[in-house]
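Student: I'd like a close look at one part of this model: the charged side chains that pair up, and the strands they sit on. Please take me through it slowly, with the reasoning for what counts as buried or exposed.

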Amino acid sequence: FGADDRLRWASAQGTGGIDQRLAALAQTGRCLYCAETATVAHPAGELRLAAVGPDELSFVGAMSATVAPGGSWLRQTRLRRFDGY
């Protein structure tokens, strides 16, 4: 939730595996102290996973919420397999 107590998050889902482009959705509708309201999803960008090597993935998240309160997020990183305990 944001500083205004309104819902502020985005999500994406896929079938699993690598080399995927996932459509991200920003959710709106709920508020901590408001009357019960349905949550509504709005297009908000994409998340990408791509194989870089046998033990490494590239992750790119580019999202921008066009509905209030708005905002954007861009993240690029590489994910490596962790074999530790």
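Tutor: Let's settle one term before we start: a salt bridge here is a side-chain nitrogen of Lys or Arg within 4 Å of a carboxyl oxygen of Asp or Glu. Keep in mind, too, that you're looking at a predicted model. Mean pLDDT for the chain is 80, with 85% of the residues at 70 or more. Confidence peaks in strand β3 at 87, while its low point is strand β1 (residues 9-11), with a mean of 78. As a rule of thumb, where pLDDT is low, the predicted coordinates should not be read in detail.

Now the framework. The 5 strands make an open sheet, ordered β1-β2-β3-β4-β5, with antiparallel pairing. At the edges you'll find β1 and β5, each of which pairs on one side only. On average, neighbouring strands in this sheet are turned by 20 degrees against each other, ignoring direction.

How many salt bridges are there? The structure has 5. Let's begin with R78 and E56, whose closest N and O atoms are 3.8 Å apart, so the pair meets the 4 Å cut-off. This bridge ties together distant parts of the chain, since R78 sits in strand β5 and E56 in strand β4, with their positions 22 residues apart. Is E56 buried or exposed? With a relative accessible area of 17%, E56 is buried, because the cut-off for that is under 20%. R78, on the other hand, has 48% and is partly exposed. That value falls short of the exposed class, because exposed means over 50%.

E56 has other company as well. The side chains of E56 and R80 make a polar contact of 3.3 Å. If you skip neighbours within four places in sequence, the residues touching E56 are A50, A51, R78, L79 and R80. So when you zoom in on E56, look for the salt bridge to R78 and the polar contact to R80.

Just before E56, have a look at D55. Its side chain meets that of R81 in a salt bridge, at 2.9 Å from N to O. Here again distant parts of the chain are linked: D55 belongs to the loop between β3 (40-53) and β4 (56-65), R81 to the segment after β5 (71-80), and they are 26 residues apart. D55 is partly exposed at 42% relative accessibility. R81 reaches 53%, which makes this arginine exposed.

Next, move over to β3. E46 and R48 form a salt bridge through their side chains, 3.6 Å from N to O. Both partners are partly exposed: E46 has a relative accessibility of 24%, and R48 has 30%. In general terms, side chains of opposite charge can pair when their charged atoms come close. Back to the buried member of the earlier pair: E56 comes out at 17%. Bridges with shared partners also join R21, E46 and R48 into one network.

What lies alongside that network? The antiparallel strands β2 and β3 are joined by 9 bridges. In that pairing, E46 in β3 is the bridge partner of A23. Q20 is also in strand β2, and R48 is among its contacts, together with G14, T15, L47 and L49, once neighbours within four places in sequence are set aside. Q20 counts as buried because its relative accessibility is 12%.

To finish, follow β2 across to the edge strand. β1 and β2 run antiparallel and are joined by 3 bridges. W9 faces Q27 of β2, and A10 has A26 of β2 as its bridge partner. At the end of β2 (residues 20-28) you reach T28, which is buried at 16% relative accessibility. The C-alpha atoms of T28 and A10 are separated by 9.2 Å, although the two residues are 18 apart along the chain.

Note on methods
Residues are numbered from 1 along each chain as its sequence is written. Side-chain values use heavy atoms; hydrogens and water are left out. Helices (H or I, at least four residues) and strands (E, at least two) are DSSP runs, numbered from the N terminus. Buried means under 20% relative accessible area, exposed over 50%, partly exposed in between (1.4 Å probe, protein chains only). pLDDT is the predictor's confidence in each residue, from 0 to 100. Contact means heavy atoms within 4.5 Å. Two strands pair if DSSP finds at least two bridges between them. A polar contact is a pair of N or O atoms within 3.5 Å; within protein, one must be able to donate a hydrogen and the other to accept it, and residues adjacent in sequence count only if both atoms are side-chain atoms. Axes are lines fitted to C-alpha atoms, for helices over the stretch in contact, and angles run from 0 to 180 degrees between N-to-C directions.
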